[in-house]
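Colleague: I should like to take a close look at a single part of this model and its surroundings. Please treat the matter in one connected account.

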Amino acid sequence: FNLSFFNQFTEEEIINPEFLIKRGLIPKTQNTKVKVLGGGELKRKIKFDGFNFSKSAREKVSKAGGTIN
């Protein structure tokens, strides 16, 4: 996913692969690995958990005040 995709979620939500599966945005598989790419801008302080990030995405999350666990 590009970073701008996550602007649709609120700052109160913790975004992780399970969250995306429950919303039907990614298929449920045993080894669900999701990488966040740096395309676009992040406009919210999103809390991420359980994703892989490109270097540019990691920098943009930090700049927007978000967190990565």
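Leaving aside its neighbours within four places in sequence, with which residues is E13 in contact?

Modeller: The model is a predicted one. Once the neighbours within four places in sequence are set aside, E13 is in contact with F19, R23 and K47. E13 itself belongs to the segment before strand 1. Its relative accessibility is 18%, and because the limit for a buried residue is under 20%, E13 counts as buried.

The polar environment of E13 can be described in some detail. Its side chain reaches the backbone nitrogen of T10 at 2.9 Å. A polar contact, also of 2.9 Å, joins the side chain of E13 to that of R23. The pair E13 and R23 is moreover a salt bridge, with 2.9 Å between the closest N and O atoms. E13 lies in the segment before strand 1 and R23 in the loop between helix 1 and strand 2 (35-36), so this salt bridge ties together parts that are 10 residues apart in sequence. The two partners may be set side by side: E13 is buried at 18% relative accessibility, whereas R23 is partly exposed, with a relative accessible area of 48%. As a general matter, side chains of opposite charge can pair when their charged atoms come close.

The contact with K47 leads into the sheet. K47 is the bridge partner, in strand 3, of I14. Strand 1 and strand 3 (residues 47-48) run parallel and are joined by 2 bridges. The sheet is an open one of 3 strands, in the order 1-3-5, with parallel pairing. Strand 1 (14-15) and strand 5 (67-68) stand at its edges with a single partner strand each, so one side of either strand is left without a neighbour in the sheet.

Strand 3 also leads to the nonpolar interior. The largest nonpolar core has 17 residues, and those that touch the most other members are F6, I15, L20, L42, F48 and F51. Helix 1 (17-22) and helix 2 (55-64) each supply at least two residues of this core, and helix 2 gives the most to it, with 3 residues. For F48, the contacts beyond four places in sequence are L3, F6, I15, L42, F53, V61, T67, I68 and N69. In soluble globular proteins, nonpolar side chains tend to be buried together.

To place the E13 pair among the charged pairs, a search of the whole structure finds 3 salt bridges. One of them joins E18 to K22, with the closest N and O atoms 3.3 Å apart. Both of these residues lie in helix 1, 4 residues apart, or about one turn of the helix. K22 is exposed, with a relative accessible area of 67%. In another, the side chains of E41 and K60 meet at 3.7 Å, N to O. E41 lies in the loop between strand 2 and strand 3 and K60 in helix 2, so that pair ties together parts 19 residues apart in sequence. E41 is partly exposed, with a relative accessible area of 47%, and K60 also counts as partly exposed, at 22% relative accessibility.

To return to the part requested, E13 is a buried residue whose side chain reaches the backbone nitrogen of T10 and forms a salt bridge with R23.

Conventions: Residues numbered from 1 in each chain as written. Predicted model: local features only at pLDDT ≥ 70, side-chain atom pairs only at ≥ 80, totals over all residues. Heavy atoms only, no water. Pairing = 2+ DSSP bridges. Buried < 20%, exposed > 50% of the residue type's maximum accessible area, 1.4 Å probe, protein only. Polar contact = N/O pair within 3.5 Å; in protein donor to acceptor, adjacent residues only side chain to side chain. Contact = heavy atoms within 4.5 Å. Core = buried A, V, L, I, M, F, W, Y, C linked by side-chain atoms within 4.5 Å. Salt bridge = Lys/Arg side-chain N within 4 Å of Asp/Glu carboxyl O.
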